Structure formats: structure tokens, C-alpha cells
Amino acid sequence: MSIYDSLNTEQRRAVEHTEGPVLILAGAGSGKTRVITHRIAYLMDECGVNPWNILAITFTNKAAQEMRERVDKLIGFGAESIWISTFHSMCVRILRRHIQEIGYSTDFTIYDTDDQKTLMKEACRNLRINTKELKERTILAAVSSAKDELMTPRMYQEAHQYDFLQKRIGEAYEEYQRLLHKNNALDFDDLLMKTVELFTMREDVLRNYQERFRYIMVDEYQDTNTAQFELVRLLAGTKKNGGRNLCVVGDDDQSIYKFRGANIRNILDFEKVYPDAFVVKLEQNYRSTQTVLDAANAVIGNNHNRKSKALWTRKKEGSRVHLRQFNTAMEEASFIAEDIEKKKRQQPALNYRDFAVLYRTNAQARLLEERFIMGSIPYNVVGGTNFYERREIKDMLAYLKVTDNGRDDLAVRRILNVPRRGIGAATVEKVSHYAAVSGDIGFFEALEKLCDGPASGILSTSVIGKIRPFVEMIRGFRDALSDGLSLEDLLKRIIRETGYEEYLRDTEEEDADDRLANIDELISKIVTYEEEAAELGTDDISPVSGEGATALSGFLADVALVADIDDMDENQDRVLLMTLHSAKGLEFPQVYIAGLEDGLFPGYLSINSDDHDAMEEERRLMYVGITRAMDDLTLTCARSRMLRGEVQYNPVSRFVMEIPEELLDERPGAPRGRFSFGYDEDDEDDFRTDMPARRFPERGFSSRPAPAGTGTGTQSPGARAGGRDTRLKAVYVKPHTPDEKKPFIGRASAGLSSLQKGMPAAAEPDYGVGDRVRHVKFGEGTVTAMEKGPKDYKVTVLFDDAGQKIMYAAFARLEKQ
DNA sequence: CGCGAGGATATTTTT
DNA sequence: TATCCTCGCG
């Protein structure tokens, strides 16, 4: 009995095909991690491949960690010398060793989004860019996508020489890079781009790694961007130099990171780049019930750009997908909290950790949290603000950074006056200038010179008197560190000497305790790090610290690359709350997807976007969400919800409508209440606000639309404006209230959003009594009566098959035959 | 220089 | 709504 016997035929083929390019299309829950780990084992056990010749790349540290654990279990000895790491840590590790070849020094620091913003602000100031007209945010976004596409500042400028705004962005990009370089810092995207640059410029270095990584595996391949693709392509080498043992694993249906530059074509076109690729599809799902799978398949089936796949399972049918609709988001949250308790009572085998609540935006977590606290349900919110982005943590890290590397000007400036030392902007400005004219020395160095040297007249003695203690304190930290003080004690000493605790208590009474707790957390993280460092020896403590790196810089580099999800501890018995994005790659017996409303999920941006892909990406996100569920899936939505200070009224998400009715335990109803878009014959109800939470239209009157993409029944594609999904747009128009055709999403009061443009008004129908018409659902029929009702035209139709129906013109979407 | 008030502004999603 | 930024005063 070998370990490979547990694999199914397809998995086995994927495992045993070790040579040449391989594409594994792995549907959700099809055991792809198993395939990768077994493949690694197979390479070592059966093919005699050395572990150090194997590279496995993932996207998150958590995935990397999990993979390593599983490989360890499978093969034991030797697993530790396999490179299993994320793209970013891999790049850091390579750059720590070779970046001097392209003009940086190997002790570079990594800037997070916050630092990027600060730096870009400086770049704009230098270039006299008015950040009111051209926001740093915008520039940074452009720079980031340029880097994803491996575009240098020069290339950017050349590509946009005739567009004034773009040209300015190009200049800002260039200046920003200059500042990064001056600070000996790389931002996130640089890690990838600089590695590619290194490999392109130094063929010998590339050769070196090509020879080392004879077998490469890439997980979540659908999420790779151009830079990552190029990196992999370079590492994999060519047929001639004996490489190309590249195995990529992914699922185009789970590509949800386009906004971050992910290029779905990387997976769709893999066979074009590698025509001799061996392709395996894993379609057997080991996770979910048939019902859940059917729902997922139905939803994703509405997307066009995909490799066809049909998941199936041997698991039982399972219970239907639960659908619950509420009047407010508060009720929705209460329901979820109560439902979890109810299920736990009914099925004592369930633990809190078996539940997850997923949502589109982080902001939605708040209400849920409130209710969970109220019901004393243990929970954990994953994501939101990253631990390492919290102010107090960044302050502490800045002290550590300055102690470690004085060239990080940003860090120095961050803490120079934190806690307050009476050193202000004017002084910072003078010191910066002094640093610039003294041969572009670092900020801290400039501070030192101004304190140590003879009175230069640049700073007054009183200011020097404020700076000197700071400089001396930092020096003290440095000395202590080189005398062998542990990181833990260093951090404690920093807190003590700076008086940070008192500073927190003085300035913010409210959450000082929370912040102090966070600092304690940081201390324990640093302790853990040191313990691991002691165990493994400095080189292997972290995937990112190359040789030559001190323990401190190793810790700092690690920290920069940690995502919130990486810290998730599945041993805690807590309900997990997280975004759909964070949930990718996870599974739970009980899953809730909350906030299923058009305008929220799919977000209004994608509903209104001209980019057809945007909606498909949202749908993939829904697919990811559904397929997280093992046994039970509950979908919830609210008719009204408070969003950034205003109440919004949104209809049920179109994605819910795409799930076949027979899979749901309740029918999606038309939203009720004041802003209902009305559908029932007895329209009086539609304006009652005290409707019971759940009430569904009569049979046959659901507002279920046809699947997107198939058009609206007989409507020929493209017949309507833009050929896009115009059907649902009608939903936003309040029926026939002549001077009030406002969208229901976006602002409920004033402020007409762009949604309004191009919206079909509830116009007079182009048919009359006696005309033959066709309805999406009921088929053909004859109009027998028409009456101008209070809100809209009330049309009575005698359908050939479905009998007589009375409906409103704006929603019936009757087509004259 | 520090602090507070008030206004603007953002809101998908995150390695 | 919550945070962030700017501006003006003490």
C-alpha cells in the first residue's frame, strides 16, 4: 500500500507526470494541495530528485506553511531543504543575496502601503504636483499596475508621452523610484520586478537558480500577474538548457485578484506558451455536498471566459441552500448569530470553529461583531487592518528599523517626534535640506552630524538640545543590540526609554489599552521568532532572511510580508468572520454568505462598470464563497443597510437569482418596504414598511431573471444598449413616479450617481390591447387589458400556457411580437 | 510647536 | 460613518 493509492486517477496522472510543462486545472475542493504534496513526495521517492532541486510557490505564507507541514508528514526527512515559499518571500530571499548586482544594498527594507503613500507624497512635493488634482492614491495605483506589468518609469513615459496627466504620473513614478532607492527600500511590487530585472540583467545569476530549481510548482496560478508569470517563465528555463519542469496548478473560476494585476490569461493561455503542456483536470470534489456544488456550478455557468469544468462529488445530496432575507442589516446579523447557536444546539458535534461568515467588504464585519458580542459567541475577524499596519505597531517597528538600519529615512522621521519631543515640521525640513546638500546623506546621519559637529547655525541650540537625547537613545539601542541584547529585551527597553506607554495613555484615553495589548502581542511575536531562530539557526528561521542578515532584519523582513490570514489559528474554537477574498483556499462545514444584495455584492462599481470582466470577477468571487461550504450553506441579505452614513435599499443579489430555485429552501422575494420595486398583483402591500421579515410572492411570480449571458429570453444579444445586462437595471427604477426616477442604490437621497445615466425610464409600453407579446418566463400570450395604475401600467395578459397574469409593464419586460 | 476644530473624503477586495 | 488632513489659534 503506497501513499499514492489514496489518489484518484486524475490526481495520480498529475502526480506521476513529472517531466515537462504540466497544467493542473483543479476545481474547488478537488484536492490540489494533496496533489502538489504527493507530487513532491513522488519526485523525491520515485524519481530520486534532490529536495533542494524542488521549488513550490504559493501566494500566502499560510498556504506555504500548510504545504510544508503536509510534505513533512508525507516524507519526513529532507523536506526542510525544499524551497516552499510565497512569491514575495522567495524574491526577498534571492534579492538579499544578489541585489547589489543591480545597485541596491542587501540590507534593503521593505515599504508597506503606508510608507508608499508617505514617499509618494514627498515625490509629489518635489515635483510640485498638486495632490488635489492628481491624488497620490491614483498615482500609486498606476505605478503599482505598471510594476505588475514590468514597466519601468521610462517605459511608462514613452508609452504615455501625449497624455499630460499620464506623463505627470510617469514623472512621479520616476521620482518615487529615486526616493525608494535613496532609502534603500523596495516596495511590494519591486520585490517581483527587481528580481525579474536581476535575472534579466545577470544571466549567470539566473542560470544559477535555474540549475537549482529543476522542478517548479506554482499554486493558485490563476492569480499570477505578468511579473510573476515572467519570473516563473525565467526560472523554468527552456527546453535547451534542460529545464521546463514547470507544473502550475490553478482554477480559472477562482481568479479573484484582477484588481491586483492578476492576469487570468496566464492560466487560460498556458497551453499556448507551452504547446506541449500536459493538461489534467481535477473535477471530483471532496469537500461539498451535491447541492452546494450544483449551486456553485449554476452560478459560475453564467461566465463566458472559462475553461469548462463540471464539479461532481460522491458526497450525499445534503440539505438545500438556506436563503433568508431581512429588513435591515441588523436583523441579518442577529439571525446569523442566533442561527449559529441554534445549529450548535441541534447538532452538538458542531464547534464554533466549524462556522464561517463571509462578506464582500470588511466594513460589514462590524455589525456582525456587535451581535456576536451580544450573544457571547466567540469569533475572530480575519483581515481588515493588518496587525502590522496599526499605528502603535508601526511606531515600534520604526524604532527597531532605525536601530537596525539608519538609512530608512521614513522610519526615522516617523519616530523623531513620537512620543512628542517638541521637534516639528520646520526642523525636519531644515535637517532634510542639510542632508541633501551634504552629499545626500541619510536623515539620521544628518541628525548625528548636527549634534556632534560644531555649531553650524542651521539649528538653534534649543532644537539641538531636543535632538541630541534622541540620537543618543538610538545609539544606546544600537550598542545594546550589538552587545547581544535579545530582541525581546531591546523592544522592552525601547518602550521603557521612550515612555511610549505613558504617551499612549496621555494622548488617547479611549483605546490605549487595546494598543498596549497589541504591543504585548508584538513582544510575544518577537519572542516566538527568537525561539525559532535559536532552534533552526539563523539562515532558516525565516524564508526571507538570507545569509548576512541579522536576526533583527530577518524579523523586520518577515513582518513586512505577513498577511492577516497567515496568523489565523484554527485550533481556537471561534467563528471566523472574513471577506470572501480571504476565504479562498479555506473550507468550513457551515458557511454563511452575508450581504447578498445587488450594489454590495456584486458591488455597484462592477454593476456599472463598462468592463464586462468586472461582473464575471464578482461572480467568481461568489463561486469561491459557495464552494467554501462543506455541508451547509446559508445566504442572507437585507432590504436596507447603512453604508457610509447613509441608508441604502438594494434588491437581492443577482447571484442568488442565478441559483436554481429547487436548490433553495426559500424563494427569493422582491424586496419589500418603502422602496420596493413591486411585483405582486396586490401592489398595496408594497408600500407597507411593517412587512414580516419573510414573505414571498405567489408561485410563478418570482422575479427570477434568466441567467446572464443568455440574454433576456428571446431578446437577441446586443439588442439593448451596450448588449449588457440591462434587465436588472430596470430594477433600480422606481416604477412610474414621473419626476422621481432615482436609482435605489448609491445615495438614497440626493446625489444622482452615474448609475442613472442610460437607465431605461418606465416608458409607455409599445404594445396595446390585442397585441401578441412574449414574457421571459410565461412565454407568448395576448394582451387582454391595460390600465394606467398608480405607479405604472398594469397589463393583463392571457398566456398560451401559463394562463392569465396581471403584471406591471416596467417589470414584465414584455416583448411585442 | 501642539492642539483642536472643521471639512473633505473615501470605501471593494490585499500579497 | 470614521478617518484623515488642513488650517488657524494659543
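**Note on the protein surface near DNA strand B**

1. By residue class, the surface near DNA strand B is made up of nine nonpolar, 10 polar and seven charged residues, where near means that a heavy atom of the residue lies within 4 Å of the strand. Ala, Val, Leu, Ile, Met, Phe, Trp, Tyr, Cys and Pro are counted as nonpolar, Asp, Glu, Lys and Arg as charged, and the others, Gly among them, as polar.

2. The model is predicted, with local features needing pLDDT of at least 70 and side-chain atom pairs counting only at pLDDT 80 or more, while totals for chains, interfaces and linings use all residues. Residues are numbered from 1 along each chain as its sequence is written, chains are lettered from A and ligands numbered from 1 in the order in which they are written, and side-chain values use heavy atoms, leaving out hydrogens and water.

3. Of the 26 residues around DNA strand B, those that come nearest are F59, R137, R360, R420 and L605. Sugar or phosphate accounts for 57% of the strand's atoms within 4 Å of the protein, and bases for the rest.

4. Polar contacts (pairs of N or O atoms within 3.5 Å) to phosphate oxygens of DNA strand B include one from the side chain of T579 at 3.0 Å and one from the side chain of N417 at 3.4 Å. A polar side-chain atom of R260 lies 3.3 Å from a sugar or linking oxygen of the strand.

5. Helix α19 (425-437) and α26 (580-583) each supply at least two residues of this surface, and α19 gives the most, with three; helices here are DSSP runs of H or I with at least four residues, numbered from the N terminus.

Notes: Polar contact = N/O pair within 3.5 Å; in protein donor to acceptor, adjacent residues only side chain to side chain.
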